[in-house]
2 protein chains.
Amino acid sequence: MTMTASPRVEIIAVGSELLTPNYQDTNSLELTRRLNSIGLTVSFKSIVGDESKTLARCLLDASARADLIFIMGGLGPTRDDNTRETLAEVFHLDLEVREDVLKDIRLRFQRRGVRMPEVNLRQARVPKGADVLTNRHGTAPGLWLNLEGRDFILLPGPPREIIPMFESEVMPRLRRRRRGFQRRRVLKIAGLTESGVEDKIKDLYPNEPGLSLTILASPGQIELHLTSLSPDSAEAAESRLDRLSGQFEARLGEHIFSCLGEELEETVGRLLRRREATLAVAESCTGGLLGHRITDVPGSSAYFLEGVQAYSNSAKISRLNVPTEIIETRGAVSPETAEYMARGVMDISGADFGLSITGIAGPDGGSPEKPVGLVYTALACWKGTRVEENRFPGGRKIVKRRASQQALDMLRRHLLHRPDPPDASAGKK
Amino acid sequence: MTMTASPRVEIIAVGSELLTPNYQDTNSLELTRRLNSIGLTVSFKSIVGDESKTLARCLLDASARADLIFIMGGLGPTRDDNTRETLAEVFHLDLEVREDVLKDIRLRFQRRGVRMPEVNLRQARVPKGADVLTNRHGTAPGLWLNLEGRDFILLPGPPREIIPMFESEVMPRLRRRRRGFQRRRVLKIAGLTESGVEDKIKDLYPNEPGLSLTILASPGQIELHLTSLSPDSAEAAESRLDRLSGQFEARLGEHIFSCLGEELEETVGRLLRRREATLAVAESCTGGLLGHRITDVPGSSAYFLEGVQAYSNSAKISRLNVPTEIIETRGAVSPETAEYMARGVMDISGADFGLSITGIAGPDGGSPEKPVGLVYTALACWKGTRVEENRFPGGRKIVKRRASQQALDMLRRHLLHRPDPPDASAGKK
């Protein structure tokens with residue numbers, strides 16, 4: 001790659017499944033995000049099936065247009081994985097088995113107590129002159145070839161393999177050649193809708209060159225993606241970003257839960273650790289999602305003690321000591337039940353905080369008074385309990401997601417702004 | 001378009017925003033779904049920015065490969081919308097203002113009580129000889145051109161415009177010419193690796209025209225995507241699919257858990273309902289993921305009673321009655337603890353089945369004897385308990401996912417093949 005002011009970058013996604021209605025190429029977005037961060041933009045993307053002839057033509061077309069060509073997928077051991085072989089054929093390269101690569105593949109299987117199947121031998125075949133990119137999460141190594149002044153980078157298709165490889169093997173090489181300095185920051189927001197966020201910040205939208213904002217919404221979360229590009233230095237890019245970010249922070253305040261890429265469950269975990277506090281959860285309609293998210297964070301055993309997936313009424317009664325008459329008179333989906341659940345799980349676990357969710361995820365079970373999407377979340381601590389009521393739009397999975405988001409955010413706001421537990425009389429929001 | 005047995009179809013998505021990290025081309029999935037339903041498959045997709053030069057080259061490349069080319073986006077009134085003009089330039093076509101189109105555009109503005117802005121005049125310019133496709137939801141008409149035996153179909157970018165136009169203007173024309181009927185089927189597999197599946201079926205790979213197979217792997221799950229195309233009838237396509245699918249089923253047997261698009265948690269739910277059986281879960285390292293997946297299925301309250309997220313040792317002891325000495329002598333991650341957890345949750349809940357998971361999700365907590373990825377799953381019923389040991393590769397989230405998959409599959413296999421609960425003496429797998 002001749003690193004001119006703007007080398008042309010293309011991405012080719014290989015895989016017949018990507019030409020069906022069922023699969024999106026999401027890898028290219030992740031690659032683009034990272035390329036953008038060092039001032040590289042993508043000028044073209046192709047999606048091609050497993051058929052070798054079409055891929056061959058696509059490689060030739062790309063090499064006529066671009067300087068830097070990323071090819072994702074088709075490095076697997078099976079017969080429909082042809083990327084390596086097709087590239088070798090198109091550019092008349094010899095493939096040879098590299099002993100070091102073969103050793104790594106065998107080792108991966110050995111560690112799992114399995115003999116390497118014969119088919120995986122193919123993955124050790126490398127075009128002469130190619131650099132091998134280590135795959136820490138799979139058997140297919142990546143490859144980097146410079147051919148006639150163009151760089152071809154072959155990467156595996158599975159996200160869990162390609163992303164770490166891109167970070168550790170590709171980005172350092174690209175950084176060494178870069179021109180221009182780009183910085184990105186993501187502000188993550190909970191407790192506001194997309195138009196709620198827009199209303200608060202629309203007069204702050206950047207309109208100077210090199211500074212950009214994109215707003216992304218997902219259930220229960222809005223993200224502001226800020227990008228700053230400077231021809232001079234990383235510091236200059238960073239300081240413009242600081243200025244823009246500061247303006248948004250002044251407007252959105254505590255609704256911003258992260259500026260450093262943290263997920264909400266990580267923020268909550270960090271705040272719990274700082275307080276040396278422990279947590280237990282009681283989940284009805286979310287069925288385990290809240291605990292699942294909390295335990296996605298490495299080291300969460302330091303603060304997460306346990307949870308109860310109290311799906312049936314009898315579980316709410318027997319496991320969490322929700323009084324039968326509360327369930328009968330107020331209903332399983334009620335502020336009272338949510339409160340008892342939070343207090344119940346705090347009491348049995350001895351945790352500092354009890355966090356509960358009860359609601360109607362749908363599609364059935366709704367009524368005029370208690371429609372699908374009605375969710376109560378409650379937070380208990382030694383001083384009292386707080387309940388919040390929400391009516392979430394969306395289908396079953398979306399409602400579950402929003403409910404878990406709401407519960408986590410409730411705990412976050414509490415940990416952030418009330419060093420002392422709330423007074424029981426504070427009641428509803 | 002010469003409608004041969006398999007005309008080559010390509011989709012080109014136009015728009016610089018589709019080359020950023022923030023936007024996906026979702027229109028092409030909707031088009032593909034509809035094209036597949038009449039026997040047309042997509043052989044290539046390109047994503048190109050607003051730059052006219054790149055689009056021109058992309059149109060030429062596509063016309064060299066394909067018979068039927070859909071171009072989405074770039075028909076708007078603003079300066080960065082160039083699709084119409086670029087196509088006209090590439091194929092030396094004259095653009096002329098069509099009075100009927102102009103009238104329609106004016107009318108749209110009139111109905112909103114607004115005068116048509118001057119810029120919208122561009123949208124009434126149509127290449128000579130093109131058919132106009134009515135846009136009921138916006139000002140940009142679609143265009144259909146036959147050039148040198150190839151069909152170019154220009155469609156607007158916004159989903160609310162392109163989808164209705166595709167349905168009402170494009171599909172009827174395609175149906176009139178169609179040859180061929182396509183059917184698809186997805187076989188989902190648990191309990192085998194990708195190369196394990198490959199080893200069992202590689203001699204069955206279809207190599208007759210119109211029949212195709214794609215293998216997709218995700219943690220704990222392999223999918224075989226089968227496609228069958230018949231020039232004669234949907235029944236013929238279906239029966240070829242049945243034959244191929246039958247061969248795979250004979251080889252892979254009970255490892256196939258679904259042929260109808262069902263997720264594993266749905267299959268398990270269906271089997272539990274059929275047996276009128278109930279389930280409770282006890283989760284350590286998965287933290288709630290198992291219950292979360294089970295309760296993603298609408299109506300799961302019919303069989304899922306409750307769960308315990310027994311993350312801490314004390315929760316295992318107090319909630320599930322795992323003996324303290326078992327934890328102390330065998331460890332929290334041991335076959336014995338898994339067994340006690342499954343039995344414990346079955347006993348307290350009164351469910352017919354207790355399903356448990358305990359393991360080391362990482363990244364910390366591993367040791368030489370008990371490495372990260374070691375997971376025990378146990379299934380208890382009134383007759384006894386069965387335990388399975390696995391060593392899963394991958395990071396924390398992958399291990400959690402695989403563990404939940406393994407537990408669900410353990411229950412599925414039991415429900416499928418053992419109408420009677422297993423004897424306790426059956427022991428380990």
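Let me start with a term I will lean on: a residue counts as buried if 20 or more other C-beta atoms lie within 10 Å of its own, as exposed if 12 or fewer do, and as partly exposed in between, with C-beta atoms placed from the backbone. On that basis, buried residues make up 48% of the 429 residues in chain A. What we have here is a predicted model, in which local features need pLDDT of at least 70 and side-chain atom pairs count only at pLDDT 80 or more, while totals for chains, interfaces and linings use all residues. Residues are numbered from 1 along each chain as its sequence is written, and chains are lettered from A and ligands numbered from 1 in the order in which they are written.

Chain A has 13 helices and 17 strands, where helices (H or I, at least four residues) and strands (E, at least two) are DSSP runs numbered from the N terminus. Its C-alpha atoms fill a box of roughly 80 × 55 × 40 Å, taken along the principal axes.

Now to the place where the chains meet. Taking two residues to be in contact if their C-beta atoms, placed from the backbone, lie within 7 Å, the contact involves 66 residues from chain A and 63 residues from chain B. On the side of chain A that touches chain B, the largest share, 7 residues, comes from β2(A). The residues of that side divide into 22 nonpolar, 27 polar and 17 charged; here Ala, Val, Leu, Ile, Met, Phe, Trp, Tyr, Cys and Pro count as nonpolar, Asp, Glu, Lys and Arg as charged, and the others, Gly among them, as polar.

Let me stay with β2. Two strands pair if DSSP finds at least two bridges between them, and β2(A) is joined to β2(B) by 5 bridges, the two running antiparallel. Within β2(B), B:Ile47 is the bridge partner of A:Lys45, and B:Ile47 is also the bridge partner of B:Ala13. Strand β1 (residues 9–14) of chain B runs parallel to β2(B), with 6 bridges joining them. Of the 7 residues of strand β2 (residues 42–48) of chain B, 7 are buried, so this strand is largely enclosed by the rest of the structure.

A second crossing between the chains is at β14. Here β14(A) and strand β14 (residues 304–309) of chain B pair in the antiparallel sense over 3 bridges, and A:Val308 stands opposite B:Val308. If you follow the strands outward, you find an open sheet of 10 strands with mixed pairing, in the order β17(A)-β16(A)-β15(A)-β13(A)-β14(A)-β14(B)-β13(B)-β15(B)-β16(B)-β17(B). Its edge strands are β17 (384–391) of chain A and β17 (384–391) of chain B, each of which pairs on one side only. Inside chain B, strand β13 (residues 279–283) and strand β15 (residues 353–359) pair in the parallel sense over 5 bridges, with B:Glu283 opposite B:Ile357.

Finally, helix α5 of chain B. What lies at the centre of the kink of about 45° in α5(B)? The kink is centred on B:Phe166, the bend at a residue being the angle between axes fitted to the seven residues ending there and the seven starting there. B:Phe166 is itself among the buried residues of α5(B), which also include B:Met165 and B:Glu169. The buried residues of this helix pack against α1 (27–37), β3 (68–72), β6 (131–133), β7 (142–147) and β8 (150–155) of chain B.
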